[in-house]
Amino acid sequence: TNRVFSGAQPSGNMHLGNYLGAFRNWVRLQDDYECLYCVVDLHAITVWQEPAGLTHQIREAAAAYMAAGVDPARSILFNQSQVPAHSELAWIFNCVARLGWLNRMTQFKDKAGKNREKASVGLYIYPNLMAADILLYKATHVPVGEDQKQHLELTRDIAQKFNHDFGADLFPEVEPIIQDEGARVMSLRDGSKKMSKSDPSDYSRINLNDDADTIAQKIRKARTDSELIPETPDGLTGRAEATNLIGIYAALADMERTAVCADFAGKDFASFKAALTDLAVAKLAPVTEEMTRLMNDPAEIDAVLRKGAERAQALAAPIMAEVRAAVGLLG
Ligand code: TYM
């Protein structure tokens, strides 16, 4: 059987990159798969999170999933730390994964920066926890943005080594689902950096809780070049910021870049940005409104997450029992 698992960290504002790279895809997959969507709070605390802020961000992440269209009646929407088996399986994977494998993870190098000695140990072994998230449910498909590809390769390596070491055919081969358009949304200030929750400049990203005026202002201030919109995407070569804005338009409108270029060929960025603003506001305003509405009732969000955790726990328990038996732990 096919099962989908994915998650996002409640480590700041959810943004357009999360929406286009992940959430939008999660929603579509609900029609064809059994889906689990997780707010991965244990991943978030690999870097310092102010405790009261974290609580708020966990609820806001759940609200963002639902506002984007994740339906807790169809999918299992839950919070990672409310299912302790994630941590348990992660420990076992810490003993399966090799130092050499983790040393190759580019996201750790980026996030730890120059002062690696000061990074938390959790940040280093973070990909093992991610593998545990997925394999705890024997999920087969994982919809993510492009930046998570390397972590999914590691997940496959861990599954394979576990199966091999313990002579068990326990874990499936995990397939990433990465869409063409929107898989890599870049910063509005620098087309060579991905849009991210941790960028100090709020102008680098469009947050899912930005109002229409803020969205308009951020798009107006987005970096571009002085050339016109080309007739075809070939004319975007070497123009990172222009490429990004055209890509965002294409993803939001569900169009090919070729069609976007054809529609705006010869226009300047001022008029393109006006059209992009209208489109972004039209697509995002309903999501923002729904998030705000949901956040007015935190008890309801907590109830959804509690219910989700119960359902997730029920799926995880028999798989965890198989794992314990395979390793030789007492039942
Ligand atoms: P996170 O929280 O950084 O991002 C959540 C999802 O959003 C995608 N994404 C983007 N897509 C396109 N352009 C961008 N600029 C952009 N920024 C983020 C991410 O690829 C991701 O799909 N390690 C994961 C969370 C995680 C997870 C998992 C994912 C933990 N366990 C198990 C899948 C399965 C992360 O930090 O995502």
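What follows is a chat between a student and a tutor about a predicted model.

Student: Let's start with the ligand. Which residues are closest to the ligand, and how many surround it?

Tutor: There are 26 residues around the ligand, and the closest are Ala 8, Gly 17, Gly 21, Val 144 and Gly 145. Strand E1 (3–8), helix H1 (16–29) and helix H7 (121–135) are the elements that give two or more residues to that shell. By class, the shell has eleven nonpolar, eleven polar and four charged residues.

Student: H7 turns up there. How do you know that the length of H7 agrees with its number of residues?

Tutor: Set the two values side by side. With 15 residues at 1.5 Å a residue, H7 should span 21 Å, and its end C-alpha atoms are 22 Å apart, so the two agree. H7 does bend, though, by about 45 degrees at Pro 127.

Student: What makes Met 130 count as buried?

Tutor: Met 130 sits in helix H7. The cut-off for buried is 20 or more other C-beta atoms within 10 Å. Met 130 has 25, so Met 130 is buried. Other buried residues of H7 include Tyr 126, Pro 127, Asn 128 and Leu 129. As for what lies across from Met 130, its C-alpha atom is separated by 8.8 Å from that of His 86, which is 44 residues away along the chain.

Student: Just past H7, what is unusual about the phi of Lys 138?

Tutor: Its phi is near 50 degrees, which is a positive value in a residue other than glycine. Lys 138 belongs to the loop between H7 and strand E4 (141–143).

Student: And why is Lys 138 called partly exposed?

Tutor: Partly exposed means falling between the two cut-offs, 12 or fewer for exposed and 20 or more for buried. Lys 138 has 18 other C-beta atoms within 10 Å, so partly exposed is the call.

Student: What makes Asp 254 exposed, then?

Tutor: Asp 254 has 10 C-beta neighbours inside 10 Å. The limit for exposed is 12 or fewer, so Asp 254 counts as exposed. Asp 254 lies in the loop between helix H10 (240–253) and helix H11 (257–264), and its phi is positive too, about 55 degrees, although it is not a glycine.

Student: Back to the inside. Which residues touch the most other members of the largest nonpolar core?

Tutor: Leu 36, Ala 62, Ala 64, Tyr 65 and Leu 77 do, out of 96 residues in that core. Helix H3 (residues 51–68) supplies the largest share, nine residues. The core draws at least three residues from each of domain 1 (3–183 + 297–327) and domain 2 (210–292).

Student: How do you know that H3 has the span expected of it?

Tutor: Same check as for H7. The 18 residues of H3, at 1.5 Å a residue, should span 26 Å, and the end C-alpha atoms are 26 Å apart, so that agrees. Among the buried residues of H3 are Gln 57, Ile 58, Arg 59 and Glu 60. Right after H3 comes Gly 69, with a positive phi near 125 degrees.

Student: Why is Val 287 called buried?

Tutor: Val 287 has 21 C-beta neighbours inside 10 Å, and buried takes 20 or more, so Val 287 counts as buried. Val 287 is in helix H12 (residues 269–295). Its C-alpha atom is 5.1 Å from that of Ala 67, although the two are 220 residues apart in sequence.

Student: What about Leu 236: buried or exposed?

Tutor: Leu 236 has 20 C-beta neighbours inside 10 Å, so Leu 236 counts as buried. The threshold is 20 or more. Leu 236 is placed in the loop between helix H9 (212–221) and H10. Its C-alpha atom and that of Trp 91, 145 residues apart along the chain, are separated by 46 Å.

Student: Last one. What makes Ala 85 partly exposed?

Tutor: Ala 85 has 18 other C-beta atoms within 10 Å. Buried needs 20 or more, and exposed needs 12 or fewer, so Ala 85 is partly exposed. Ala 85 is in helix H4 (residues 85–94), and its C-alpha atom is 7.3 Å from that of Ala 316, with their positions 231 residues apart in sequence.

Methods: Residues are numbered from 1 along each chain as its sequence is written. This is a predicted model: local features need pLDDT of at least 70, side-chain atom pairs count only at pLDDT 80 or more; totals for chains, interfaces and linings use all residues. A residue is near a molecule or strand if its C-beta atom, placed from the backbone, lies within 6 Å of it. Helices (H or I, at least four residues) and strands (E, at least two) are DSSP runs, numbered from the N terminus. Ala, Val, Leu, Ile, Met, Phe, Trp, Tyr, Cys and Pro count as nonpolar, Asp, Glu, Lys and Arg as charged, and the others, Gly among them, as polar. The expected span of a helix is 1.5 Å times one less than its number of residues. The bend at a residue is the angle between axes fitted to the seven residues ending there and the seven starting there. A nonpolar core is a set of buried Ala, Val, Leu, Ile, Met, Phe, Trp, Tyr and Cys residues joined through C-beta atoms within 7 Å. Domain bounds come from an automatic or database domain assignment.
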